[in-house]
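Visitor: Can you walk me through the sheets in this one? Short answers are fine.
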Amino acid sequence: MIKHLVFAVLALGLWSGAALAEGPVTIGYLGLQDDPRYHPDIVYTRIEIAPGGNPVDGATMGIDDLKVVSDAVGQTVSLDHQEAADATSLTAKVQAMVTAGEHFIILDLPADLVEQVATATKDLPVTLINATAPEDRLRSLCLPNLLHTAASDRMNADAMVQYLRTRNWTKVLMLVGPLERDKAMADAFRASADRQRLNVVDTRTFTLATDPANRESNNSQLITGNADYDVVYVADNQGEFSRYLPYDTQLPRLVIGSTGLAASEWQWSWDRDGSTQVTVRFEELTKGRRMTGQDWATWIAAKSIVTAYAKARSDDYAKIAEYIRSSRLRMDGSKGVQLNFRPWDGQMRMPIVLATHNAVIAEAPLDGFLHETNTLDTLGTDEPEQQCL
Amino acid sequence: MKRLAILAAVAFATAISVLPAWAAGTGMIFVSTEKGNEVVVLDQDHNIVKRIETSRRPRDMHFNADKSLLYVACGDDDVIDVIDVATLEVVDHIPTGPSPEVFAFSPDEKQILVSNEEDSRLEVIDMESRLSVQDIPTGAEPEGVIVSKDGKTAYVTSEVADMVHVVDTATGAVTKNILVGTRPRRFILTPDGSELWVSCELSSEIYIIDTATNEIKGDSLIFVPPGFREEDVTPVGLAITKDGSKVLLSLGRANHVAIIDAKSHDVLQYVLVGKRAWSVDLSSDETKAYVANGLSDDITIIDMASMKPEISIPIGRVPHSVVIDD
C-alpha cells in the first residue's frame, strides 16, 4: 500500500504564559565501566545463556516515548550517558554533570557505588535515581537526594511470600550463595517470610564445586535432602548453581527465587496493561533484546524525570524536585496502576511480577493483601517500619 | 452443535424478514474477543448465534450508518475486518498500519480514522481507494479516536504522552495538544458537541474539554464506588444517552459501571459488573447497557430503568467491545 505521508507539525505553546521551563533539558545517566552485571552469561563452551545488554536503552526509550510531551512544552530532552570505573571518578562525573546544569541523574550502579556516590554528592542540587541496585540498605540511608526505581529486595521478597502464603506453601528450604548480593536477597526473604509466618525449615549455604569433601554444600540432591519442605528458595545472583537445581532436588518440589519462579519489576511476557506495546517498542529499539526489570527501571526513571520537567510548570530545580517526589506524580509503568515515590524512603511503589522464563504466573500485591492506605505498600518497607541508618 | 447454531441463525434471519417490528435491526449483540480472535454474536434472548472467526486480536467495532456492515479493528493482523451483518460473514479486510486499536468514521463515511498503537500514528484511510491518505504522528500508544459532527476536527489520545491531540481533518495537522491525566483512553462527545469527555485510566480521572476553546473545563472528575480506593478505579469505556442526560463510565479494575448525571456530574448509581469492565454501549432505545468484562470473559447487561445488572453472559477470551444491531 502506498502511503501518502502528511507530516504534521505539532503545535507548541501549550500553556501559554505558564510554560517557563522551555529549552534544552539534559538528563544524566551514570553507569559503571564494563559492569559485570551485564556481561552475557558465558559457560565454558562460550555459549551465551543470557544475552547481555545495557539498561541505558530503557532510559533512551523513556525520553523518546515522551518526546511529544516535551515538544509540546518547548523542551528538548537529551541523555548524557557517562561511565566511570570507581567511586572517586563516578563522584567527579556527578559533580561535572551538575555544573553543566544536569539536575537529575539516573544511576545504573551496584549498591556500594550508589551509596558512595550519593553520600558524596548529597549537598548538591541534584536528584539521583537508583535504577538497578535492589539492596534495601540503600533505602535506609535516608538521603534526600536519592530516589529508587529498582524494586528493593524486600519488595521482591514480599511479592514472593504473598504468593506462597496464597498457595499455602509455607515450608521453605532456603539455599544461599556466597555473594554479598545473595545474602542481601536472602535476608530480605527471611524478614518477609517471618512477617507472613512462613516456616523456613532450614537455611543452607551452597558452594560451586564438585569437591567430594564438601558434597553437602555443592551437590543439589544432598543439599536439598534431610528436610521436609514445600518449596526451595535459592538466592544465587551468579546463577550457575541455581541453573542446575530444578528437577534435581531430593524431594519433587518447585524451586523459586533466582530460578524457576522469580520476582522482578518486569518480564517481557506480561501482556496486560499495555505492556505488550512497551516490550515491542523496546525490541525494535534494541534490535531484538527483551526488556528486563533493569531496563524497565531506567525507562520509568527517565519518564518520571521528563514528566516532572513538563508538568512542574517551573524551571526552578527545587520545584521540579518537589514535583517528582509528590503524589501529583502519577506515572504509567504499563503495570495497570499509577506509580509514584514513597515519601519515607524515596522508593517507587509498584506491582511486582512473579514469572517463569516465559510466563507471568502472578502479579503482586495479590488479592487479599490489604493495606490501610495503598495496597502497593504491602510490598517493601512500610512507613511505620522505616528506620534510617 | 455447529449445525444447530447455523439453523438458529437461519431461523433468526427468516424471522427478521417476516417481522416488520424488527426492521430497525436484528437486536443482535456483537462482542469482539481479543484473545478468542472472534466476534461472538448473540440474539435478543442472549443465545450465542454465531462465533465469527476474524483476523487476530479483534478490538474496537463500529457499524456503518445503515448497520449493514460491521467494521472490526484487528490489532495483530493490521487490518479492519468487515462483517456483513445479514450473513454474519467476514466479507472484506481493510489494511491499516501496525496494531489498529480504535477507529472512527468521518461523518460522510468516506474515511476511517484509526489509531495505530504500535507506530504512534493516526491514520486516515480512504474507504473507496483503501489508500492511507493521511498519516498523522501522535504521542506513543494512541488509542481513543472521535470525530466532531461536522467532520472538521478529530481527537485522539496518546496513552503514553497523557495527551489529547486535536487534529484538523482537512490538513492532517495537529492544531493543539491538551495535557490531561495519566493514560487517557476513550472519548464521548455530548450530543450538542460542546463537551468532549476523556477517561484517564491510571489517574482515575475524567477530563471534560470545552470543544469551543479546546481547553479543560473545570476540575477533573473522579468516581469511586463505595468500598474502593481511588487508585482501584481505572476508567476506560464511555457512553452517553441521546438526550445527553446520562453518561455511562466503566471503572475497569473497580468492576463497576458508574451511571452519571451529565449535567451535575453526580453519580446516579454504581452498577456491579464483571472483572475489568471495559467498553460500554447502549441499545438504541436506551433500555439496556452492555459492558465487556475483559478479565472474566463475559459481558454484563444493565437494565437502565432500574440501573441494576440484569445478567452476565459468558462470551470467550478477553471481551473488548460490544455493539448492538437495533
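Guide: Start in chain B of this predicted model. Four strands make an open sheet there, in the order E25-E26-E27-E28, with antiparallel pairing.

Visitor: Which are the edge strands in chain B?
Guide: E25 (277-282) and E28 (308-314) of chain B. Each of the two pairs on one side only.

Visitor: And the twist, what does it average from one strand to the next?
Guide: The average is 25 degrees per step between strands of this chain B sheet.

Visitor: How many bridges join E27 and E28 of chain B?
Guide: Six, in the antiparallel sense. E27(B) covers residues 298-303.

Visitor: Which residue stands opposite Asp303(B)?
Guide: Lys308(B), which belongs to E28(B).

Visitor: OK, switching to chain A. What is the strand order in the open sheet there?
Guide: E12-E15-E16. That sheet has three strands, and the pairing is antiparallel.

Visitor: Why is one side of E12 and of E16 in chain A left without a neighbour in the sheet?
Guide: Because E12 (262-264) and E16 (360-364) of chain A stand at the edges, and each has a single partner strand. The twist in this chain A sheet averages 25 degrees from one strand to the next.

Visitor: How many bridges pair E12(A) with E15 of chain A?
Guide: Three, antiparallel again, with E15(A) spanning residues 352-355. In one of the pairings, Ser264(A) has Val353(A) of E15(A) as its bridge partner.

Visitor: Which helix lies across E12, E15 and E16 of chain A?
Guide: H6 of chain A, residues 153-167. H6(A) runs at about 60 degrees to E15(A).

Methods:
Residues numbered from 1 in each chain as written. Chains lettered and ligands numbered in written order. Predicted model: local features only at pLDDT ≥ 70, side-chain atom pairs only at ≥ 80, totals over all residues. Pairing = 2+ DSSP bridges. Axes fitted to C-alpha atoms, helices over the stretch in contact; angles between N-to-C directions. Contact = placed C-beta atoms within 7 Å.
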